[in-house]
Structures are given as structure tokens and as C-alpha cells.
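User: Please take a close look at the surroundings of the ligand, and follow the strands and aromatic rings that go with them.

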Amino acid sequence: MPARLTVLSGPSGVGKGTVVAALRALVPQVWVSVSCTTRAPRPGETHGVEYHFLDRAEFGRLIEAGEMLEYDEHFGNLYGTMRRPVLEHLAAGVPTLLEIDLHGARQVRGSVPDARFVFLAPPSTDELVHRLARRGTESAQAVAARLARAEMELAAEAEFDDVVVNNDVEQAARDVAALVIAP
Ligand code: 5GP
């Protein structure tokens, strides 16, 4: 029987990556899709692990060939999910998780309407502002742009099937894991 696709989304800086890392340890039977991006790897990131790091021409070819399930542009870089590995895992009965932004989640809703859409929410807007400001890898301008986007993304919570509040990473990971593997 095909497995269910779960889409985890939420504002930038809410901690999606950290929650997904904890979830992997809890439910190793879940396959987490590896996105493609044209942004440069950050220190410690490895091609094929955090992302497939592609140049713009390669990414453009995948779009033209209809290979992207969804994609979006953030601050000059493209991010997207390849369709084929997702469909192959689902067909093989492997519960599959996408960690993507809101715009991408809306595209997936269009093509995989029976997916489960989970919104990861911050405990409060203030907490999200602190988290974004603490990220040391980007300029103040980049952080401000992320914050403006996050405010818009917070308003999208109502579009989702489920909301998990990221008060505590381990608890949030358990909550998302239960949704991912639910029959
Ligand atoms: P970062 O550069 O910090 O790794 O990610 C920037 C943003 O891109 C995050 O909000 C993340 O959720 C989003 N993102 C990562 N992978 C994908 C993807 O495959 N598709 C879309 N639409 N967004 C993604």
C-alpha cells in the first residue's frame, strides 16, 4: 500500500531542521526528502546530506524537465523537491517527510492533495524574533528580510491540517513523528 506524504512547514527560524533531526532518530523508518538548492553550502554541510547543491543551470533543467514537485526562490536562491524520489518512496510504502517553506507546501497541496500538512509554530512571535536574531551566519539585512517573511508565514497557520508548537524540540519531534507514521 502506498505510504502517506507529510509536509512540514512553518516560518523561517522556527526550528524545522532541528525538529526533523530529532525525528530521524525517533522514527528511522521515515524517509526525509533531500531538497535541491542553488545556495552555497554552509560550513559543515555536505552535498547529498543537507541538500543537493546545484548550480542554477542544473536546477533550471530539472524545472524544465518537470522533475520538480515544487520549488521556490528565497533571497536569490532556488530551493526545491525532486518529484521522482518522493513518489518512489511512497509507492514502496515508506512514510515520507518534506521539510519545505510555505509556498512549496501550497504547490504540493495542488499536486498531492491527500498529503498531510503540518505547521511548526514558534511558542510566540517574540521567541521567533530571538531565534532569527541569534542565527549568526547571515547579515543583519538578511535576518530582517527573513523576519518580514516569517511574519507573513505565521499568518498561514490556518491552512494546515495540524499545528505542532516547537516549545521543546524532543516533544515537537515526537508530535510530528506520530503524525508521520499514523495510519
Ligand atoms: P536554508 O537556506 O536556511 O537551509 O533554508 C531556507 C528556506 O528554504 C527554509 O525556510 C526552508 O524551509 C526552505 N526550503 C528548504 N528546502 C526547500 C524545498 O525543497 N522547497 C522549498 N519550497 N523550500 C525549501
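Analyst: A polar contact is taken here as a pair of N or O atoms within 3.5 Å. The model is predicted, and every distance that follows is computed from it.

With that cut-off in mind, an oxygen atom of the ligand lies 2.6 Å from an N or O atom in the side chain of S35, and an oxygen atom of the ligand is 2.5 Å from an N or O atom in the side chain of Y51. On the nitrogen side, a nitrogen atom of the ligand is 2.4 Å from an N or O atom in the side chain of D101. The protein buries 93% of the 520 Å² that the ligand exposes when taken alone. Two elements, β5 and β6, each give two or more residues to the shell around the ligand. That shell is made up of 16 residues, and S35, R39, Y51, Y79 and D101 are the closest of them.

The two strands named for the shell are also paired with each other: β5 and β6 run antiparallel and are joined by 6 bridges, with E73 standing opposite L78 in β6. The hairpin that they form has 2 residues between the strands, and in this hairpin F75 takes a positive phi near 50 degrees. Strand β6 (residues 77-82) is joined to strand β3 (residues 35-37) as well, by 2 bridges in an antiparallel arrangement, where C36 has G80 in β6 as its bridge partner.

Turning to the rings, Y51 and Y79, which are among the residues closest to the ligand, belong with F53 to a cluster linked by ring pairs. The count of aromatic pairs comes to 4. One aromatic pair is that of F59 and Y71, which is edge-to-face, with 6.5 Å centre to centre and 70 degrees between the planes. This pair links distant parts of the chain, since F59 belongs to helix α2 (residues 56-64) and Y71 to strand β5 (residues 68-74), 12 residues apart. The partners also have their own levels of exposure: F59 counts as buried because its relative accessibility is 0%, while Y71 has a relative accessibility of 32% and therefore counts as partly exposed.

A further ring takes part in a contact with a charge, as the charged end of R109 sits over the ring of F117, 4.3 Å from its centre.

Technical notes
Residues numbered from 1 in each chain as written. Predicted model: local features only at pLDDT ≥ 70, side-chain atom pairs only at ≥ 80, totals over all residues. Heavy atoms only, no water. Phe/Tyr/Trp six-rings, centres within 6.5 Å; stacked < 30°, edge-to-face > 60°. Helix = DSSP H or I, 4+ residues; strand = E, 2+ residues; numbered from the N terminus. Buried < 20%, exposed > 50% of the residue type's maximum accessible area, 1.4 Å probe, protein only. Lys NZ or Arg CZ within 6 Å of the ring centre and 35° of its normal. Pairing = 2+ DSSP bridges. Near = heavy atom within 4 Å. Polar contact = N/O pair within 3.5 Å; in protein donor to acceptor, adjacent residues only side chain to side chain. Areas by Shrake-Rupley, 256 points an atom, 1.4 Å probe, with all protein chains shown as cover.
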